[in-house]
Amino acid sequence: MDPLTSLPAWQALERHSAQVKPLHLRDLFATDPGRAQRFSLEAEGILLDYSKNRITSETVGLLTELAQASNLPGAIEAMFRGDRINITEKRPVLHTALRAPKGSSVMVDGVNVVDGVHEVLDQMSAFANRVRSGEWRGFTGKRIRNVVNIGIGGSDLGPVMAYEALRHYSQRDLILRFVSNVDGTDFAEAIQDLNPEETLFIVASKTFGTLETMTNARSARAWALALLGDEKAVASHFVAVSTHAGRVAEFGIDTANMFGFWDWVGGRYSMDSAIGLSTMIAVGPDNFRAMLAGFHAMDEHFRTAPFHQNLPVLMALLTIWYNNFFEAQALAVLPYDQYLKRFPAYLQQLTMESNGKYVTLSGERANWETSPVYWGEPGTNGQHSFYQMIHQGTKLIPCDFIGFVNSLNPHGPHHDILIANLFAQAEALAFGKTAAEVRAEGNEEWLVPHRVFEGNRPSNMLLADRLTPEMLGKLVALYEHNVFVQGVIWQVDSFDQWGVELGKVLAVRIQPELTGDSQLQHDSSTNALIERYRQARSAG
């Protein structure tokens, strides 16, 4: 594999970027009345207006040439057909199979995995309906009114985000809570006002051995049994999302209530697998399947649309444009919908755990930048927080704005005010305010520099009709494939996560040292911190 920076397409982009950097969006729009139409794309019910980017038609052409030179078409087909593209773990990458329609075929080692996917979906649907209807009862015969999902990473971020995003469609007599942090406060606050007799725990861990998840699960078990008294009660109040039947049974969970998934599904790509059981219980099987249909629709768009008309490809290429040719080290995702308040946090794992790597597929160190920092908050809250830096700071921060034409909760002028702010922020970032305009407002000369907005800050605008389960699936798949394209071009394995391992290993070593008196053999700083902790705990 040729190094990325040696590709002629890359070198052409380097030359081209030097020509584009001096251009201002004010001038690009002034000289091209049709710019907004030329740099807009509508597909699968999503309008992408990318005209407020510092690009020309030549930029888009060169970026798509880079995608071709990186063999993106071949990489897309390799993923969809189940090749083992996760090379360090020698696994296929088939989250797309989780939303493939019944009757379709995706073969892995001679087995059509779609059949297994739909078996699990049917099992989930039957269970979710039992909980939602009140047929599933706790050990004392009371109806389940509280569902607590215990997981971490993708087993938490996906379900939390989906529940919050689809709360409008949820069954409101069910309380959903989520526990992920090994900090006991997370668990304590989650169960503070719950009755064990009415509470169901979903323990989500593929191996049923994840330290944080199982620590919380054992605390939940002890809490429930303190009132329920009988070990047999565990089977009525706990189910598992796992593949390790032995450990599940040892915990006391009936393996008939174990919902499986597969090693070709990475944690951060698993919210539409059995990991989404809490989501399905909250919104019902029909809405969950509508979300899956949205995922699949975006999968097909990504797989079949030419690159210049392909939503995930264009967004990925624009990220590469700024990350690698403008030295932009961050990207803000700014949803103007309160239901998407956890969407930026979900994307943090999806993007940075996937592409936050300095080692290429060939084992060499990349001499180019990989993943930017993804972050954000919902509008309009963020406007009164960090937008100051986006508008007038020294760092270039491209933005993805997300909005919807129709609100799920129309109240007077609220939605018009929200959307006016959405459009205004993108306009202000692009065009700014000149010194002449500030002076024309009557400001004193000394104040002029402080009130100038230089503009030329790029953004994408994603606009859809309303936030439905199907639309949520499309948005998540859009970013999944966006991340994949970036990884292909940066030549990294987007589907492993070795960077999370070392700290875990060291934590297992340190934990018994905190309460013991063994000789410490860490660096001087770590040794001193452990000693301080020992002394303080002992004194306490």
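A cavity here is a set of grid points where a 1.4 Å probe fits but cannot get out. Keep that in mind as you look around this predicted model.

**Stop one: the cavities.** Searching the whole structure turns up four cavities of 30 Å³ or more. The largest has a volume of about 70 Å³. To find it, select Thr319, Leu331, Pro398, Asp400 and Asn460, the residues that lie nearest its centre among the 13 that line it.

Now colour helix H14 (311–325), strand S12 (399–404) and strand S13 (459–464): these are the elements that each give two or more residues to that lining. H14 gives the most, with four residues. Colour the lining by class and you'll get seven nonpolar, five polar and one charged residues.

**Stop two: strand S5.** Jump to residues 146–150. Is this strand buried or exposed? Five of its five residues are buried, so the rest of the structure largely encloses S5. Show the side chains: Asn146, Val148 and Ile150 point one way, while Val147 and Asn149 point the other way.

**Stop three: the neighbours of S5.** Select strand S6 (residues 175–179), which runs parallel to S5 and is joined to it by five bridges. Then add strand S7 (residues 199–204), which also pairs with S5 in the parallel sense, over five bridges. Click on valine 147: opposite it stand leucine 176 in S6 and leucine 200 in S7.

**Last stop: the crossover.** Bring in helix H7 (residues 154–165) and follow the chain. S5, H7 and S6 together make a right-handed β-α-β unit.

Terms used: Residues numbered from 1 in each chain as written. Predicted model: local features only at pLDDT ≥ 70, side-chain atom pairs only at ≥ 80, totals over all residues. Heavy atoms only, no water. 1 Å grid on protein atoms, 1.4 Å probe; cavity = no way out; pocket = protein on both sides within 12 Å on 5 of 7 lines; lining within 4 Å. Points joined across faces, edges and corners; volume = space filled by probe spheres on them. Nonpolar A, V, L, I, M, F, W, Y, C, P; charged D, E, K, R; others polar. Buried < 20%, exposed > 50% of the residue type's maximum accessible area, 1.4 Å probe, protein only. Pairing = 2+ DSSP bridges. Right-handed = clockwise from strand over helix to strand, strands pointing away.
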